[in-house]
Amino acid sequence: MKILAIETSCDETSAAVLNLERGQFNLLSNIVSSQVKIHAKFGGVVPEVAARMQMEMILPVIDESLIAANIKLKNIDYLAVTYGPGLITSLTVGVETAKSLAFALKKTLIPTNHLAGHLLANFLPNKKITDIKFPALGLIVSGGHTLLVLMKNESNYKIIGETLDDAVGEAFDKVAKILNLGYPGGPIISKLANNGNSVAFNFPRPMLNSGDLNFSFSGLKTAVFYTLKHKNIKTLKQKEINDVCASFQVACVDVLTIKTLRALQIHQPNSFLLGGGVAANPTLRQRLQEQINKNFPKIKIFIPELRFTGDNAGMIAAAGYFQVKKSKFANFKKLKANPNLSL
Ligand code: KG4
Ligand code: ZN
């Protein structure tokens, strides 16, 4: 079974071809065209600009994914597309392109959830479909979401914890903005944090004792703001910037790790799956690995390769596959992008 997947939920245009043979995935191509440099000038994603770039890039990116996979469009068995959540303007480009392809090729189109994609990225590039044992606990950390998810199987999800305000990636981006570091903030902060002292500033660990599995990152961002309020950011010493980054990052990692351990304790799953752009953060990856191994040695940990943490169509192909299995696809002619789609 060969799936061509399209992902255009935000500022990345991506297309991938995933093959499934004898129960094993094989990612044949995964092309990602990023608009990050364009949006960096504006300090964040500008939806109209993103949609225009999506339109320019979508066909070349699909073409490149087919060439890289060495496959002709007519030999694709299924199409999969992200239909939410994300920016409506960006999503629509992918959805309408996929509908046109499904119409012209007379192929089944699988509407796919972006968030499910982030978790199922753990099957890439070539896991067997039986490699991940369920039930599993998923932690999605991205620019728009911070979710703890109980997964009965690959397509059955229950949200058991979520952020009450900002997503963790959003907090990284906003703190980077306060520090005048550029966009997106996550990669810059995690790099500077390497040379910083993580106990230099004692930032709060919000919601740690809330008694539930929810998160809040807005107050943490505000704490950084007030710490620096009376200082001129332009004259801050590099050492001080690095220390703020390291102290902010460790506060985020502490909360994410402790709540994850609590969820594992309550639900005792077989596996743990990490996903989303913030999953690229080395401190988060290392801490989760170390703490889960120490406290729950029987739980198998899945952390995606760096190239599968950010938005990419490979993960949509994997998620699409499990939707085929569930054989629950909509009539593609009626399919519409849904910016607020939940898991
Ligand atoms: O999953 P993603 O690519 O897009 C969404 O679905 O939102 O996540 C993007 C987010 C951005 O907020 C970005 O700053 C963050 O992931 N990010 C990181 C790192 N790399 C990307 N955050 C922390 N550390 C990183 N190394
Ligand atoms: Zn994403």
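Histidine 114 and histidine 118 both sit in helix H4, which covers residues 114-120, and because they are 4 residues apart, about one helical turn separates them. I should state at once that the model under discussion is a predicted one.

Let us consider what these two histidines do in the model. Which protein atoms are the donors of the zinc ion, ligand 2? They are NE2 of His114, NE2 of His118 and an OD atom of Asp311, and they lie 2.0 to 2.1 Å from the ion. Along the chain, the donors follow the spacing H-x3-H-x192-D.

Are the two histidines buried or exposed? Histidine 114 has a relative accessible area of 7% and is therefore buried, the cut-off being under 20%. Histidine 118 is likewise counted as buried, at 0% relative accessibility.

I turn now to ligand 1. It is surrounded by 20 residues, and the closest are His118, Gly143, Asp173, Gly186 and Gly277. His118 thus appears in two places in this account: among the donors of the zinc ion and among the closest residues to ligand 1.

Several glycines place polar backbone atoms by oxygen atoms of ligand 1. For glycine 143, a backbone N or O atom lies 2.8 Å from a ligand oxygen. For glycine 186, the distance from a polar backbone atom to an oxygen of ligand 1 is 3.0 Å, and for glycine 169 it is 3.1 Å. Ligand 1 taken alone exposes 560 Å², of which the protein buries 85%.

Which elements give two or more residues to the shell around ligand 1? They are H4, helix H5 (168-178) and helix H6 (185-193). H6 gives the most, with 4 residues. Sorted by class, the shell holds 13 polar, 5 nonpolar and 2 charged residues.

Where does ligand 1 lie with respect to the domains? Residues of domain 1 (2-125 + 307-325) and of domain 2 (136-304) both contribute to its shell, so ligand 1 lies between the two domains.

Finally, I draw your attention to threonine 146, which is found in strand S7, residues 146-153. With a relative accessible area of 1%, threonine 146 is buried. Its side chain reaches the backbone nitrogen of valine 168 at 2.9 Å. Valine 168 is in turn the residue at which helix H5 (168-178) begins.

To close, I return to the two ligands: the zinc ion has His114, His118 and Asp311 as its protein donors, and ligand 1 lies between domain 1 and domain 2.

Note on methods. Residues numbered from 1 in each chain as written. Chains lettered and ligands numbered in written order. Predicted model: local features only at pLDDT ≥ 70, side-chain atom pairs only at ≥ 80, totals over all residues. Heavy atoms only, no water. Donors = N, O, S within 2.8 Å, 3.2 Å for Na, K, Ca; no water. Buried < 20%, exposed > 50% of the residue type's maximum accessible area, 1.4 Å probe, protein only. Near = heavy atom within 4 Å. Polar contact = N/O pair within 3.5 Å; in protein donor to acceptor, adjacent residues only side chain to side chain. Areas by Shrake-Rupley, 256 points an atom, 1.4 Å probe, with all protein chains shown as cover. Nonpolar A, V, L, I, M, F, W, Y, C, P; charged D, E, K, R; others polar. Domains from an automatic or database assignment.
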